[in-house]
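Here are my notes on the model, set out as numbered points for you to check against the coordinates.

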Amino acid sequence: MLLFGVFYKVAWRWERLAKWMNRPIVHGIWKGELRSDFGFEDNPPLVMPIYFVVRQTYLTLSVQSFTDKQDGESRLEALLKNSKTEATRLCYIFELRKLYPGANSLTSGAGDLRLLGSGRELKGTYWTNTPTHGELILKLVSRDFDGIESFDDAQNKFAGH
């Protein structure tokens, strides 16, 4: 039981073992930008920095997102690998908590990100019920996310990456 616990939490993330088991690793801090159609038509897209914290064990997955205006959290996640094309996708349904003054609502949405660049880049689209949609482009900056609970935490630790 102890050996399974160690494997479940940590050992399977060793890159060679994960590759041998055909399990993609998305665990870590991802930094990038969000491009949104939020706002008015005929204006350029809204572009803002974003961080993802992806927690992954052998059997579980969760996604948190942080911008300077709102935090998000996944409610349902899947890591899908197409055996024919070897393409890997991180798909998730999320809720955003608005931090704007006077806003007390949740926004729901879904994201579909493709794992690229030897497993060090996530790129794809998202949609929300507000209705907005956009593109996310993220690069892995660390497998260690200890102490990252907000946009400011991530920005302070990974601004130069």
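1. Which residue takes a positive phi in the hairpin of strand 4 and strand 5? In this predicted model, that residue is Glu86, whose phi lies near 70 degrees, and the hairpin has six residues between its two strands.

2. The strands flanking that hairpin, strand 4 (residues 70-81) and strand 5 (residues 88-98), run antiparallel and are joined by 11 bridges. Within this pairing Lys81 has Thr88 of strand 5 as its bridge partner, and Leu79 stands opposite Leu90 of strand 5.

3. The overall arrangement is a barrel that eight strands close in the order 1-2-3-4-5-6-7-8, with antiparallel pairing. From one strand to the next, the twist averages 30 degrees. Helix 3 (residues 151-158) packs on the sheet, where it touches strand 1 (28-36), strand 2 (46-56), strand 3 (61-66) and strand 8 (133-142), and its direction makes about 90 degrees with that of strand 2.

4. Following the barrel onwards, strand 5 pairs with strand 6 in the antiparallel sense over 10 bridges, and here the bridge partner of Glu95 is Ser108 in strand 6. Strand 6 (residues 106-116) is in turn joined by eight bridges to strand 7 (residues 121-128), the two running antiparallel, with Gly109 opposite Thr128 of strand 7.

5. The hairpin of strand 6 and strand 7 has four residues between the strands, and in this hairpin Gly117 takes a positive phi near 55 degrees. A hairpin through four residues also joins strand 7 to strand 8; these two strands run antiparallel with seven bridges between them, and Thr125 stands opposite Glu135 of strand 8.

6. Turning to the interior packing, the largest nonpolar core has 20 residues, of which Trp30, Phe52 and Leu136 touch the most other members. Two or more residues are given to this core by each of strand 1, strand 2, strand 3, strand 5, strand 6, strand 7 and strand 8. Apart from it lies another core, of nine residues, which includes Tyr51, Phe145, Ile148 and Phe151.

7. Phe52 deserves a separate look. When its neighbours within four places in sequence are left aside, Phe52 is in contact with Gly28, Ile29, Trp30, Val63, Gln64, Ser65, Tyr92, Leu113, Leu136 and Leu138. Trp30 and Leu136, listed among these contacts, are also named with Phe52 as the residues that touch the most other members of the largest nonpolar core.

Terms used:
Residues are numbered from 1 along each chain as its sequence is written. This is a predicted model: local features need pLDDT of at least 70, side-chain atom pairs count only at pLDDT 80 or more; totals for chains, interfaces and linings use all residues. Side-chain values use heavy atoms; hydrogens and water are left out. Two strands pair if DSSP finds at least two bridges between them. Axes are lines fitted to C-alpha atoms, for helices over the stretch in contact, and angles run from 0 to 180 degrees between N-to-C directions. Contact means heavy atoms within 4.5 Å. A nonpolar core is a set of buried Ala, Val, Leu, Ile, Met, Phe, Trp, Tyr and Cys residues joined through side-chain atoms within 4.5 Å. Buried means under 20% relative accessible area, exposed over 50%, partly exposed in between (1.4 Å probe, protein chains only).
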